[in-house]
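Reader: I would like to go through this structure term by term, asking of each label what value stands behind it. Please show me the sequence and the model before we begin.

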Amino acid sequence: MNREQLLAAVKEQITKHRYEHTLGVMETASRLAVKYGVNVKQAETAAILHDYCKFWPEDKMREIIERTPAIPKDLLEHDKELWHAHVGAEVVRRDLGIQDNEILDAIRYHTSGRENMAPLEKVVCLADYIEPGRHFPGVEELRELAEEDMDHALARAFGNTIIFLVNREKKVYPLTVFARNSLVKPKKKKNVQEE
Ligand SMILES: [Fe+2]
Ligand SMILES: [Fe+2]
């Protein structure tokens with residue numbers, strides 16, 4: 001499928017507002033891909049399809065999670081926000097014939113992240129956080145950081161997500177903690193004598 005066909009397919013699945021978001025993620029992911037030496041076509045395809053199942057009914061998503069061996073079942077005990085990513089990867093493979101596992105992983109982990117993410121996964125995940133339609137406190141700093149250091153920006157984005165969930169007394173999906181830990185760089189120790 002070419003870009004226009006993919007966009008037409010996703011447009012049928014999501015709201016107008018989410019489609020605008022998808023276009024923003026596509027443009028941002030393409031730009032970040034060029035900047036960080038990631039395959040632009042893969043980044044664009046994953047970005048177009050990343051929220052394919054965002055508005056699927058809960059029972060339909062639950063059914064796919066239950067009967068797909070590759071989808072971790074512990075998702076069912078966590079926030080439903082995480083479901084559409086794993087279900088989306090499975091559905092675009094099945095219904096749209098997307099066979100590229102790197103693209104499917106970028107869709108699968110765009111919400112939770114995971115330990116040692118591939119550069120393509122990072123690009124899509126970060127683009128999802130900072131596309132031009134996103135408005136939340138700190139998004140400008142995140143956009144600036146994304147231009148300098150993708151890992152640092154993503155570590156901060158996952159940190160924000162974890163803080164958000166903890167403040168609302170919600171569970172944190174373990175992969176998000178693993179993702180952040182694998183991206184955080186140790187801070188240089190201060191020389192005590194200088195203090
Ligand atoms: Fe999403
Ligand atoms: Fe998204």
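Author: Let us begin with the metals: a donor is an N, O or S atom within 2.8 Å of the metal (3.2 Å for Na, K and Ca), and since water is not among the atoms, sites may look incomplete. The iron ion (ligand 1) and the iron ion (ligand 2) are 3.5 Å apart, and D51 coordinates both. This is a predicted model, in which local features need pLDDT of at least 70 and side-chain atom pairs count only at pLDDT 80 or more, while totals for chains, interfaces and linings use all residues. Residues are numbered from 1 along each chain as its sequence is written, chains are lettered from A and ligands numbered from 1 in the order in which they are written, and side-chain values use heavy atoms, with hydrogens and water left out.

Reader: What makes D51, H84 and H110 the donor residues of the iron ion (ligand 1)?

Author: The OD of D51 and the NE2 atoms of H84 and H110 lie at 2.1 to 2.2 Å from that ion, and such distances satisfy the donor limit already stated. Along the sequence these donors are spaced D-x32-H-x25-H. H84 belongs to helix α5 (residues 83-96), whereas H110 is in the loop between α6 (101-108) and α7, so the pair ties together parts that are 26 residues apart in sequence. Helices here are DSSP runs of H or I with at least four residues, and strands are runs of E with at least two, numbered from the N terminus.

Reader: Why is the arrangement around the iron ion (ligand 2) called irregular?

Author: The donors are H21 (NE2), H50 (NE2), D51 (OD) and D128 (OD), at 2.2 to 2.3 Å. Four donors count as tetrahedral if all angles lie between 85 and 135 degrees, and four count as square planar and six as octahedral if opposite donors are over 155 degrees apart and all others between 65 and 115, anything else being irregular. The four donor atoms around this ion subtend angles of 80 to 172°, which makes the arrangement irregular. H21 lies in helix α2 (residues 16-35) and H50 in the loop between α3 (40-49) and α4 (58-67), so the pair ties together parts that are 29 residues apart in sequence.

Reader: How do you know whether E131 has a salt bridge or lacks one?

Author: A salt bridge is a side-chain nitrogen of Lys or Arg within 4 Å of a carboxyl oxygen of Asp or Glu. Lys and Arg count as positive and Asp and Glu as negative, with His and the chain ends not counted. For E131 the nearest side chain of opposite charge, R134, is 4.5 Å away, and E131 has no salt bridge although it is buried. Its side chain does reach the backbone nitrogen of G133 at 2.8 Å. That pair falls under the term polar contact, meaning N or O atoms within 3.5 Å, where within protein one must be able to donate a hydrogen and the other to accept it, and residues adjacent in sequence count only if both atoms are side-chain atoms.

Reader: What makes D105 buried while R114 is partly exposed?

Author: Buried means under 20% relative accessible area, exposed over 50%, and partly exposed in between, computed with a 1.4 Å probe on protein chains only. D105, at 18%, therefore counts as buried, while R114, at 23%, is partly exposed. D105 and R114 form a salt bridge, with their closest N and O atoms 3.3 Å apart. R114 also forms one with E121, at 2.7 Å, and E121 is buried at 3%. D105, R108, R114 and E121 are linked in a network of salt bridges.

Reader: Why is α6 described as largely enclosed?

Author: Six of its eight residues are buried, so α6 is largely enclosed by the rest of the structure. What covers those buried residues includes α3, α5 and α7. At the N-terminal end, D100 caps α6, a side-chain oxygen lying 2.8 Å from the backbone nitrogen of E102.

Reader: How do you know that N116 and E169 are exposed?

Author: N116 has a relative accessible area of 60% and is therefore exposed, and E169, at 76%, also counts as exposed. N116 has a positive phi of about 50° although it is not a glycine, and E169 has one of about 55°, again without being a glycine.

Conventions
Contact means heavy atoms within 4.5 Å.
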